[in-house]
Amino acid sequence: MAEYLNCGNESFLNEVDSYYVDKSETLAILNNSLNRRDRYICLTRPRRFGKSVNAAMINAYYSKGCDSNELFSTLKISNEPSFERELNKHNVISLDIVKMIGANNGVEGIIEYITSQVIAELEEAFSGSFTTKNNLFKALSEINSKTGEKFIVIIDEWDGIFRDHSHDEKLEIAYVDFLRTMFKGTDSDRVIELAYITGILPIKRYNTQSALNNFREYTVLNPTPFSAFYGFTEDEVKVICKEHDLDFNETKRWYDGYVLDDLHMYNPNSIMNLIVSRRFQSYWGNTASFENVSDLISMNFEGLKDDIFMMLDGSKIPLRDTLGFNVSLSSIKTKDDAMTYLTHLGYLAYTDGRVYVPNEEVRIILKKAVEDCHFDEYIKLIKDSQEILEKTYEGDGAYVAECIRKYHSKYSSVIKYNSEETLSYVVQNAYLACIENYYKPVREMQSGEGFADIVYIPKREADRNIPALVIELKWNKDAQTALDQIKEKHYTESLEDYCGNIILVGINYDKATKEHSCLIEQMKKSS
């Protein structure tokens, strides 16, 4: 049975036979790209977002090596006008670069290995149609000239060499040259009907030009029109939660956060593991990129670690330049490069020009990456924040105000000192221990007659004696005004389902005197 040329549909059949969320409408987009200028497609997403499943689906649909009519007849693509026209009508070469590296026992000679494996299968299928034995594209070109046959090429984990072997520049260049020979130029247009490559990282550039600038790239930063087809949408997750009696709100807290074209997308691997184990925990795990992430944070480009600290507490940080990053860890020169890299890997999410930690699952992993950097500062920050939290419980506003003053001075180099946004970031850092103590932070929470600046809600697994916190920030006024606004606008209404006590915290910063003040009150609720 063929492994690379016109493979069967067994891989996708196994997916459909288990729990499958229909993403087959992807094929309608690809059908419209066949033999057209936009036939070269590079789609990248973080790990476990369904890229390999979709690659198997694409092979099963196009490949001449199988009959997939029954397999696809109940899926959404069957309603498209192009469904039967393209079904199992094409020669498909399907490669998984990471698996081929494994089969080759490493990267040494990997280009030659890929070439020899595919050409061996071409010889069986197109005997006597070509003479070239050491150049894959030339072999395809000869076949096309003699028979008129064209090819669809699917490459999964296309960036495996760049991710796992970025130290080998000679190998990188040889691999890019291999891809360029396959996919760039008028000869490629004659031979290739569709090129679909997928992985985690975008296409590498040399100097300022892409090595494969005829490819259209669809990343987490630029996902249209594939936004809904990689990952589970929120509506799909709601259906899953209902079918399997799972708490949707808790599922959302743990696994939501990636927003692509206004769609909230969930990691399918995590949701499927949740269905089986019924435990809310981190399933994304320590991926192969974990060590690189720890190293990257350790480099601390332009105060990256300070921003990581704030994002761990729920802050969103501006990302101004997403174009400077160039695939490999060694190419990172600025903080924006670093945050773009973390976004492609999935450790950060991006929307409206800002990056942030998407959810509880990723926060746990990223926090471990920070801890593995042995940042004494982070450990001290948690310890100091724990003391601030305890003093808040005790109602010691003077202590909290003094700590916030120190934090404001410390973090003024990160963001402009005299701004309300900075004060919000400072307070979030001061209360970083809230997350460590079973709190869920909510910024600008709609409640009563307005929006509470910061609300810390105890998670379900928390001790019910832990009070909720409602924090209001003021600028050039006074702490009493902040406290009064919480009461007058009924901000505590957002916590009407919470039976424990609530602590009200009013904080003011005076720009002229640079003084900070804080008043704290306890509000008891009957259970």
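Which residue caps the N-terminal end of H23? In this predicted model, the cap is provided by Asp-478, with a side-chain oxygen placed 3.1 Å from the backbone nitrogen of Gln-480. Helix H23 itself spans residues 479-488, and its buried residues are Ala-479, Ala-482, Leu-483, Gln-485 and Ile-486. These residues lie on the same side of H23, because the arc they cover around the axis is only 155°. The cover over the buried residues of H23 includes three strands, namely E16 (468-475), E17 (502-510) and E18 (515-523). After H23 comes His-490, which has a positive phi near 55°.

A separate description applies to the sheet that contains E1. Five strands make up this open sheet, arranged in the order E2-E3-E4-E1-E7 with parallel pairing. The edges are occupied by strand E2 (91-96) and strand E7 (216-218); each has a single partner strand, so one side of each is left without a neighbour in the sheet. From one strand to the next, the twist averages 15°.

The pairing of E2 with strand E3 (residues 151-156) is parallel and comprises six bridges. Within this part of the sheet, Asn-91 is positioned opposite Phe-151 of E3. Helix H3, formed by residues 51-62, packs on the sheet and touches E2, E3 and strand E4 (192-199). The direction of H3 makes an angle of about 165° with that of E3.

Terms used
Residues numbered from 1 in each chain as written. Predicted model: local features only at pLDDT ≥ 70, side-chain atom pairs only at ≥ 80, totals over all residues. Heavy atoms only, no water. Pairing = 2+ DSSP bridges. Helix = DSSP H or I, 4+ residues; strand = E, 2+ residues; numbered from the N terminus. Axes fitted to C-alpha atoms, helices over the stretch in contact; angles between N-to-C directions. Contact = heavy atoms within 4.5 Å. Buried < 20%, exposed > 50% of the residue type's maximum accessible area, 1.4 Å probe, protein only. Arc of directions from axis to C-beta. Polar contact = N/O pair within 3.5 Å; in protein donor to acceptor, adjacent residues only side chain to side chain.
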